[in-house]
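User: Could you take a close look at one aromatic pair for me and walk me through how its two partners sit? Some context from the rest of the chain would be welcome too.

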Amino acid sequence: MTWPVPRTRRGWAVWALAAVAVAAAVVLGIFAATTGELGHWGRAVGSGAPTATEGLPSSSTLVARGAYLARVGNCMGCHTVQGGAPYAGGRSVETPFGQVRAPNLTPDDATGLGRWSADEFWTALHEGRSRDGRLLYPAFPYTSYTSMVREDADALWAYLRTVEPVHQPNLPHALKYPYSTQWALAGWRALFFRPGEWRVDPARPPEWNRGAYLVQSLGHCAACHTPRNALGGSKSRAAWAGGMLDGQGWYAPALNDPAQAGLQDWPVEDIVALLRVGTTPRAAVSGPMAEVVVRSTQYLDDADARAVAVYLQSLPLQRAEPEEAAQPVVQTLQRGQGLYTRHCAQCHGDGGEGVAGAMPPLAGNRAVVLQPPVNVIRTILHGGYLPATAGNPRPHGMPPFLHVLSDEEIADVATFIRNAWGNTAPSVGTIDVYRAR
């Protein structure tokens with residue numbers, strides 16, 4: 001095998017970076033092997049193919065509980081392609097390292113979980129290992145599911161056994177080298193993952209503990225709302241501090257900062273409404289969070305919705321230092337105001353006040369002034385759509401301006417609404433819009 005010789009300075013830089021990545025993967029893989037991370041690699045973790053849910057009580061109650069937990073965990077969100085069969089897999093999860101393809105969870109013997117046992121399913125959730133011993137990629141959030149209690153895993157398994165089997169072969173991942181190797185993955189796990197278990201905090205009431213369990217384990221909320229380092233590991237010291245959703249182009253705001261998405265000063269009832277309806281007089285969800293509400297949180301029962309609200313309300317405050325914003329250029333604000341009057345004021349009002357129950361206000365809206373400004377840019381580009389829920393079955397939406405406004409015009413109107421009616425935020429540049437496109 002021969003390696004191509006770079007012919008440009010950029011080529012040499014890319015080659016050097018790849019060489020460093022390969023060396024790091026080898027070192028981390030050796031470290032992982034010495035710590036036992038690769039101890040089961042290539043060896044099946046279970047024994048035999050089940051004819052039913054081995055060792056589990058077969059009851060409609062167990063299956064119904066599993067169906068509910070699948071909603072809470074939003075399993076369908078990743079394991080169902082748009083227009084495809086439920087849980088048949090195929091959806092791609094974009095990461096900085098390439099694409100991870102969600103597998104088939106239906107009980108098809110050849111392509112799904114039909115030959116898996118309940119123990120093997122538990123191992124996948126708890127340890128991040130497949131039936132044949134392969135290490136699983138953390139796009140499947142076993143780093144959160146590892147603390148799921150066995151009873152809930154068994155209920156999920158019982159439910160998935162009842163799903164209509166679909167013969168749909170799993171698509172291979174499309175990951176860059178060396179991230180496509182088990183050695184690199186073993187090194188990552190040695191650095192960032194240890195199997196865990198759920199522990200009740202005896203100093204907290206049962207409702208708080210239930211909410212913590214739903215948020216931290218089944219809901220895997222930290223997977224989006226905690227920033228990640230260059231290797232894709234969660235920054236534990238910055239838990240709930242927000243972060244970019246790699247591959248999606250959206251920013252998941254901080255849940256510990258009231259200036260972003262913190263709920264510490266909200267009444268519990270308003271938090272419950274946001275989770276189950278998707279909109280309140282205080283705020284509304286859009287982007288990836290709208291999908292979470294549609295597929296998952298709107299189905300929380302009364303007790304669990306309140307428990308989640310109580311836990312989110314209790315997250316310790318950690319306000320980020322506000323970024324010093326230079327005063328926007330007067331001409332930019334004037335151009336932006338003109339664009340707003342022509343394209344936006346009819347729905348959002350001349351003073352950014354919105355329409356109660358229909359169009360969210362822009363004045364005093366923390367989502368508008370959020371930094372980085374990627375969410376407001378993407379909303380202008382692609383439109384804003386509230387989730388259709390039982391509590392709001394026919395929500396109003398905002399049309400996309402992707403083909404109506406230029407990058408400069410979108411930057412101007414975004415800068416205007418971020419600095420009008422008492423709002424204050426850094427200007428948006430055309431390069432920000434270009435990247436968001």
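Analyst: Trp 421 comes out as partly exposed, because its relative accessibility is 28% and that class lies between the 20% and 50% cut-offs. Keep in mind that this is a predicted model. The ring partner of Trp 421 is Phe 416, and the two meet edge-to-face. Their centres are 5.5 Å apart, with 80 degrees between the planes. That angle is over 60 degrees, so the pair gets the edge-to-face label. Phe 416 itself counts as buried, because its relative accessibility is 9%, and the buried class is anything under 20%. So here you have a buried Phe 416 paired with a partly exposed Trp 421.

Now for the wider picture. A search of the whole structure turns up 12 aromatic pairs. Elsewhere, Phe 140, Tyr 142, Tyr 145 and Phe 193 are joined by ring pairs into a cluster.

Rings also turn up with charges over them. Arg 71 has its charged end over the ring of Tyr 299, 3.9 Å from the ring centre. Another Trp comes in here: the charged end of Arg 204 sits over the ring of Trp 208, at 4.4 Å from its centre.

As for the chain that holds these rings, it has 17 helices and seven strands. It runs to 437 residues, and 45% of them count as buried, Phe 416 being one with that label. The chain exposes about 22500 Å², with carbon and sulfur atoms supplying 57% of that. Finally, take the contacts between residues at least 6 apart in sequence: 66% of them join residues at least 24 apart.

Technical notes:
Residues numbered from 1 in each chain as written. Predicted model: local features only at pLDDT ≥ 70, side-chain atom pairs only at ≥ 80, totals over all residues. Heavy atoms only, no water. Phe/Tyr/Trp six-rings, centres within 6.5 Å; stacked < 30°, edge-to-face > 60°. Buried < 20%, exposed > 50% of the residue type's maximum accessible area, 1.4 Å probe, protein only. Lys NZ or Arg CZ within 6 Å of the ring centre and 35° of its normal. Helix = DSSP H or I, 4+ residues; strand = E, 2+ residues; numbered from the N terminus. Contact = heavy atoms within 4.5 Å. Areas by Shrake-Rupley, 256 points an atom, 1.4 Å probe, with all protein chains shown as cover.
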